[in-house]
Amino acid sequence: MLRCSGRGSAYAANTVRSTDIVDGQVNSADVKDQSLNGSLKDEDIAKTALVDLPVDVGTVPAHDCRTYNIDGIGGPGNHLLLSPAYESTSIYLTYTIFTPRINTSPDAVLQVCNPTDNPQSGGATSHFNLLVIDAH
């Protein structure tokens, strides 16, 4: 039996929390390749940055999900950050991206779900921004 008790907070060694950073105090030496030129951008933290990625979502039936394969972003084990474009996506649909559990194609799967009682259109083409961050 495993038993834990105690007070306080635990955190990983070499961890930086937002409360540890003072405004304007992240400098080039703090970034992996030390190339910070005034502001932190997607290419400073991401292995791949896809901007305005088009996906033909179409109509998603009530209480249903659709999946769309995405290839060309690297294999499994990466961290993925998806941002739907407000102008071309539906507020009634949920968008999730994940990597498959096994090392096969596709590299990632976009899942679009409709939790409502009516069919919802994701538009002819929905657009997303996707950051692929190397987890290794």
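Thr116, leaving aside its neighbours within four places in sequence, is in contact with Ala62, His63 and Tyr92. In this predicted model, Thr116 is found in the loop that runs between β6 (108-114) and β7 (120-121). Its relative accessibility is 19%, and because the cut-off for burial is under 20%, Thr116 counts as buried. The side chain of Thr116 is also joined to that of Gln120 by a polar contact of 3.4 Å. Thr116 thus combines a place in a loop with a buried state.

From this loop the description may turn to the sheet that includes β6. The sheet is open and has 3 strands, in the order β3-β6-β5, with antiparallel pairing. Its edge strands are β3 (64-70) and β5, each of which pairs on one side only. From one strand to the next, the twist averages 20°. Between β5 and β6, which run antiparallel, there are 5 bridges. Within β6, Leu110 is the residue that stands opposite Ile97.

The loop between β5 and β6 contains Ser105. Is Ser105 buried or exposed? Its relative accessible area is 55%, and since exposed residues are those over 50%, Ser105 is classed as exposed. Ser105 and Asp71 lie 34 residues apart along the chain, and their C-alpha atoms are separated by 7.1 Å.

Strand β5 also takes part in an aromatic pairing. The count of aromatic pairs comes to 1. This pair is formed by Tyr95 and Phe128, with 5.3 Å from centre to centre and 65° between the planes. The geometry is edge-to-face, because planes over 60 degrees apart are assigned to that class. Which parts of the chain does the pair tie together? Tyr95 belongs to strand β5 (residues 94-98) and Phe128 to strand β8 (residues 126-133), so the pair links parts that are 33 residues apart in sequence.

The accessibility of the two aromatic residues completes this part of the description. Tyr95 has a relative accessibility of 16% and counts as buried. Phe128 is likewise buried, with a relative accessible area of 1%. The edge-to-face pair therefore joins two residues that each fall under the 20% cut-off for burial.

Definitions and conventions. Residues are numbered from 1 along each chain as its sequence is written. This is a predicted model: local features need pLDDT of at least 70, side-chain atom pairs count only at pLDDT 80 or more; totals for chains, interfaces and linings use all residues. Side-chain values use heavy atoms; hydrogens and water are left out. Rings of Phe, Tyr and Trp (its six-membered ring) pair if their centres lie within 6.5 Å; planes under 30 degrees apart count as stacked, over 60 as edge-to-face and the rest as tilted. Helices (H or I, at least four residues) and strands (E, at least two) are DSSP runs, numbered from the N terminus. Buried means under 20% relative accessible area, exposed over 50%, partly exposed in between (1.4 Å probe, protein chains only). A polar contact is a pair of N or O atoms within 3.5 Å; within protein, one must be able to donate a hydrogen and the other to accept it, and residues adjacent in sequence count only if both atoms are side-chain atoms. Contact means heavy atoms within 4.5 Å. Two strands pair if DSSP finds at least two bridges between them. Axes are lines fitted to C-alpha atoms, for helices over the stretch in contact, and angles run from 0 to 180 degrees between N-to-C directions.
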